[in-house]
Amino acid sequence: MWRVNTDKGSYAIKQLAPVIDLKSERIITKYELSETIAYRFAQQGIPAVSAIKKSGKHLHIIENTGYLVYPWAEGYTLARNEISETHALKIAEMIAKLHNINMSGLSEVPHVDIHSNDGIVEAIDRAVSCKCPFAKMLKENQSFILSMYDSYLAAVPLLLEDTVVTHGDLDQLNVLWDKSGQPILIDWESVRKLNPTREIVRTSLSWSGMDTKDVSLQIYTHMLRTYLESGRMLNINHVDAALYSLVGSAVNWILYNIKLACTSDIQGEKDTATEEINTSLMSMKRLEVLIPDLVKISMQK
Ligand SMILES: Nc1ncnc2c1ncn2[C@@H]1O[C@H](COP(=O)(O)OP(=O)(O)OP(=O)(O)O)[C@@H](O)[C@H]1O
Ligand SMILES: [Mg+2]
């Protein structure tokens, strides 16, 4: 991300990572569509920042590097310890607003990454043969990972029963807070059709500190309540599935990082991959313990 000040104003320029295949028509279309939908949400009153369109395009490729240019938004992202319930409830309200808009423009059935048990075992074995530092831990937890993944697979068809076009990644890093304490939604790269219960459940967990040791079940509960009070419904059958969807994401992330750790020559990248895999496995363990309580809490709503 670059900040560029000009005599006409300030801009945030996003330089895309070199791993993104800019020759792929599908990827370019995805970026164009994400920014178009962000723009359309802004027109519907959502505080969304979308990239500036120039010569009919949002994504500009210059010397094989992709750039998106946004108007600079004055605001700052909250650090973990700065999140208050007030912030979290504003996010819940915002998600209800996004879902209530019922935005059109994405017709395709959402893509879901599915791995076979064999595929997962193969990836873990690959980590073993590459002598990755996390390989032993993964091997020891292989049955646990496969059994959690089975529960995720059972959740997938349920989550596809009901979908809505939405932001898709409203964690703390993708929300700027302005001077008056109002949220501004950035980074619409993950915009897609999603199960609404999945989005509110997962985002509420994230704003409740799910990734930290002290998750606040109070914030989680109150976010769900705010969502309901904003005119939305929570599909109780989808709550359990929504929670297991986190397992699907964790396994995707573990497999991606195994590949990275085995193919990268850069030590820093390997170290990050190791950290990410440790964190993902820990989250899966924490989820296993938390899911029954979280389902119970959500049912009381
Ligand atoms: N329009 C904007 N105005 C001001 N700051 C911005 C703007 N867009 C992004 N930023 C800043 O840049 C950071 C990263 O932006 P963004 O979330 O769009 O990129 P990203 O691809 O997710 O990058 P990262 O993976 O580093 O989070 C944001 O957390 C925010 O601090
Ligand atoms: Mg981001």
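This report describes the fold, the metal site and a few single residues of one predicted chain.

The model is predicted, so local features need pLDDT of at least 70 and side-chain atom pairs count only at pLDDT 80 or more, while totals for chains, interfaces and linings use all residues. Residues are numbered from 1 along each chain as its sequence is written, chains are lettered from A and ligands numbered from 1 in the order written, and side-chain values use heavy atoms, leaving out hydrogens and water.

## The whole chain

The chain holds 9 helices and 8 strands. Both are DSSP runs, numbered from the N terminus: helices are H or I with at least four residues, strands are E with at least two.

How does the radius of gyration fit a compact globule? For 301 residues, a compact globule would have a value near 19 Å, and the chain has 20 Å, which agrees. The radius is taken over C-alpha atoms, and the globule rule is 2.2 Å times the number of residues to the power 0.38. Along its principal axes, the C-alpha trace spans about 60 × 50 × 40 Å.

Of the 301 residues, 46% count as buried. Buried means under 20% relative accessible area, exposed means over 50%, and partly exposed lies in between (1.4 Å probe, protein chains only). The accessible surface comes to about 15600 Å², and carbon and sulfur atoms make up 53% of it. Areas come from the Shrake-Rupley method with a 1.4 Å probe; for residues, only the protein chains shown count as cover.

Now take contacts, meaning heavy atoms within 4.5 Å. Among those between residues at least 6 apart in sequence, 75% join residues at least 24 apart.

Charges come next. The chain has 31 positive and 36 negative side chains, and the centres of the two sets lie 2 Å apart. Lys and Arg count as positive, Asp and Glu as negative; His and the chain ends are not counted. Each charge is placed at NZ of Lys, CZ of Arg, CG of Asp or CD of Glu.

## The magnesium site

Which residues coordinate the magnesium ion (ligand 2)? They are N174 (OD1) and D187 (OD), at 2.1 Å. The pair links distant parts of the chain, 13 residues apart. N174 sits in the loop between strand 5 (164–166) and strand 6 (175–177). D187 sits in the loop between strand 7 (183–185) and strand 8 (192–194). N174 is buried, at 6% relative accessible area, whereas D187 is partly exposed, at 21%. Donors are N, O and S atoms within 2.8 Å of the metal (3.2 Å for Na, K and Ca); water is not among the atoms, so sites may look incomplete.

## Two residues with positive phi

Neither residue in this table is a glycine.

| Residue | Phi | Loop | Relative accessibility |
|---|---|---|---|
| N64 | near 65° | strand 3 (60–62) to strand 4 (65–71) | 68%, exposed |
| K131 | about 55° | helix 3 (117–129) to helix 4 (135–140) | 71%, exposed |

## Q15 and W72

Q15 lies in strand 2 (residues 9–15). Q15 is partly exposed, at 35% relative accessible area. Leaving aside neighbours within four places in sequence, Q15 contacts W2, T65, G66 and Y67. Q15 and H60 are 45 residues apart in sequence and 9.7 Å apart in space, C-alpha to C-alpha.

W72 lies in the loop between strand 4 and helix 2 (85–101). W72 is partly exposed too, at 33%. Not counting residues up to four places away in sequence, W72 touches R3, S10, Y11 and A12. W72 and L159 are 87 residues apart in sequence and 36 Å apart in space, C-alpha to C-alpha.
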